[in-house]
Amino acid sequence: MDLNTVLDVRDARSPVPWRPGDAWLGGGTYLFSEPQPHLRRLVDLSRMVDLSRMGWEPVRELPDGSLELAATCTIAQLSRFGKTWRAPAAPLVEQCCRAFLASFKIWNMATVGGNLCNALPAGPMISLTAALDGTCLLRAQDGSLRRVKVADFVTGAGRRDLAEGELLRSVTLPARALASRTAFRQASLYGLGRSGALVIGVLDPVDGSLAVTVSAATVRPFRCWFPLPPDRQTLRDAIDSTIAAGDWFDDIHGLPAWRRHMALRFAEEIRRELTTRTEPNAGETA
């Protein structure tokens with residue numbers, strides 16, 4: 001779509017004062033998908049071959065074993081990495097990439113950062129990074145940095161903890177989460193539809209704690225953590241006490257009652273899978 005109100009496109013490598021009507025341009029799959037009459041200028045972060053215009057490596061394994069995903073990392077780049085990665089949590093990367101159900105054009109342009117910053121309930125990069133206890137690195141216009149957990153970064157449907165002109169630089173996934181066993185469940189009302197419920201379980205190999213993250217069914221991701229795997233009723237009670245009635249998302253892709261039902265069903269399936277199986281999980285989709 002032509003953005004006929006945009007008067008200028010600036011290279012993000014050449015800092016200019018931020019002003020009303022500015023927007024960061026990554027993959028552009030959202031910006032160019034519908035009218036943006038409030039925009040006057042785009043500040044371009046877009047990729048050049050395998051690196052972003054900013055020189056950010058798409059996926060970087062850090063010395064402490066954690067994983068840094070650049071905001072400009074595309075879904076295609078992340079998927080390619082996930083297929084060769086040997087960490088126990090590696091299957092979860094491809095499972096979440098496939099939850100996009102997008103065309104190859106979207107896969108090669110849409111970015112991890114764009115998915116988080118759009119803050120749509122069905123955003124699978126939100127699901128992936130929240131489930132693995134990811135932390136966002138945010139850079140303000142004055143160069144100052146702050147960090148916020150992904151589960152706190154997305155505050156509602158289309159809402160995120162991002163100040164005017166602030167940039168999502170990267171998301172870091174901790175080594176301990178990457179060494180965990182995972183289980184994945186996803187449901188949609190349609191064969192090629194948007195996720196109506198997506199639940200991920202992460203079992204810590206060190207202390208046996210279990211985290212269950214509910215997304216897509218809710219307006220934002222909710223991560224329930226248990227020091228030891230709970231029984232069925234404790235898990236159900238924790239989800240119901242954490243997710244208020246108004247937090248279940250309601251749109252054409254699923255009614256709140258159905259989304260809650262699927263989330264509770266998937267959470268119980270995941271609890272049983274991670275507490276009774278010893279082999280790595282390959283996940284499944286419902």
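Buried means under 20% relative accessible area, exposed means over 50%, and partly exposed lies in between. The model used in these exercises is predicted.

**Exercise 1. The R265 salt bridge**

Task: Classify R265 and E269 by accessibility, and state how their side chains meet.

Solution.
1. R265 has a relative accessible area of 41%. That value lies between the cut-offs of 20% and 50%, so R265 is partly exposed.
2. E269 has a relative accessible area of 18%. This is under 20%, so E269 is buried.
3. The two side chains of R265 and E269 form a salt bridge, 3.1 Å from N to O.
4. Both residues belong to helix α9, 4 residues apart, about one turn of the helix.
5. An α-helix has 3.6 residues a turn, so residues three or four places apart point the same way.
6. The pair is part of a network: salt bridges with shared partners join R185, R265, E269 and E273.

**Exercise 2. A link between two helices**

Task: Find which helices are tied together by the salt bridge of R260 and D240.

Solution.
1. The closest N and O atoms of R260 and D240 are 2.9 Å apart, and the two residues form a salt bridge.
2. R260 lies in α9, while D240 lies in α8 (residues 232-242). The pair therefore ties together parts that are 20 residues apart in sequence.
3. R260 is partly exposed at 29% relative accessible area. D240 is also partly exposed, at 31%.
4. The count for the structure comes to 19 salt bridges.
5. Another of them joins D22 to R19, with closest N and O atoms 3.9 Å apart. Here D22 is buried at 7%, whereas R19 is partly exposed at 40%.

**Exercise 3. An acidic residue in α9**

Task: Decide whether E268 is buried or exposed, and list its contacts beyond four places in sequence.

Solution.
1. E268 lies in helix α9, which spans residues 256-276.
2. Its relative accessibility is 7%, so E268 counts as buried.
3. With neighbours within four places set aside, E268 is in contact with R232 and L235.

**Exercise 4. Helix α5 and the core**

Task: Explain why helix α5 (residues 124-131) is largely enclosed by the rest of the structure.

Solution.
1. Count the buried residues: 8 of the 8 qualify, so α5 is largely enclosed.
2. These residues are P124, M125, I126, S127, L128, T129, A130 and A131.
3. After the helix comes D133, with a positive phi near 60°.
4. Now turn to the largest nonpolar core, which has 47 residues. L78, L116, M125, L132 and C136 have the most contacts inside it.
5. Take L116. Residues up to four places away are not counted. L116 touches M125, I126 and T129 among others. Its contacts also include C136, V150, F153, V154, L168 and V171.
6. A second, separate core has 24 residues, among them L210, F222, M262 and A263.

**Exercise 5. The open sheet**

Task: Give the strand order of the 5-strand open sheet and identify its edge strands.

Solution.
1. The order is β6-β7-β12-β8-β9, with antiparallel pairing.
2. An edge strand pairs on one side only; here these are β6 (59-61) and β9 (145-149).
3. Direction ignored, neighbouring strands in this sheet are turned by 25° against each other on average.
4. Look at one pair. β7 (residues 67-70) and β12 (residues 167-173) are joined over 4 bridges in the antiparallel sense.
5. Within that pair, L67 stands opposite L173 in β12.
6. Strands of a sheet pair through backbone hydrogen bonds.

**Exercise 6. Cysteines and disulfides**

Task: State how many disulfides the whole structure has, and check C73 and C97.

Solution.
1. A search of the whole structure gives 0 disulfides.
2. The cut-off is 2.5 Å between cysteine sulfur atoms.
3. For C73, the nearest cysteine sulfur is that of C97, 8.1 Å away, and C73 is in no disulfide.
4. For C97, the nearest is the sulfur of C96, at 7.4 Å, and C97 is in no disulfide.
5. C73 is buried, with a relative accessible area of 0%. C97 is likewise buried, at 0%.

Key: Residues are numbered from 1 along each chain as its sequence is written. This is a predicted model: local features need pLDDT of at least 70, side-chain atom pairs count only at pLDDT 80 or more; totals for chains, interfaces and linings use all residues. Side-chain values use heavy atoms; hydrogens and water are left out. Buried means under 20% relative accessible area, exposed over 50%, partly exposed in between (1.4 Å probe, protein chains only). A nonpolar core is a set of buried Ala, Val, Leu, Ile, Met, Phe, Trp, Tyr and Cys residues joined through side-chain atoms within 4.5 Å. Contact means heavy atoms within 4.5 Å. Two strands pair if DSSP finds at least two bridges between them. Axes are lines fitted to C-alpha atoms, for helices over the stretch in contact, and angles run from 0 to 180 degrees between N-to-C directions. A salt bridge is a side-chain nitrogen of Lys or Arg within 4 Å of a carboxyl oxygen of Asp or Glu.
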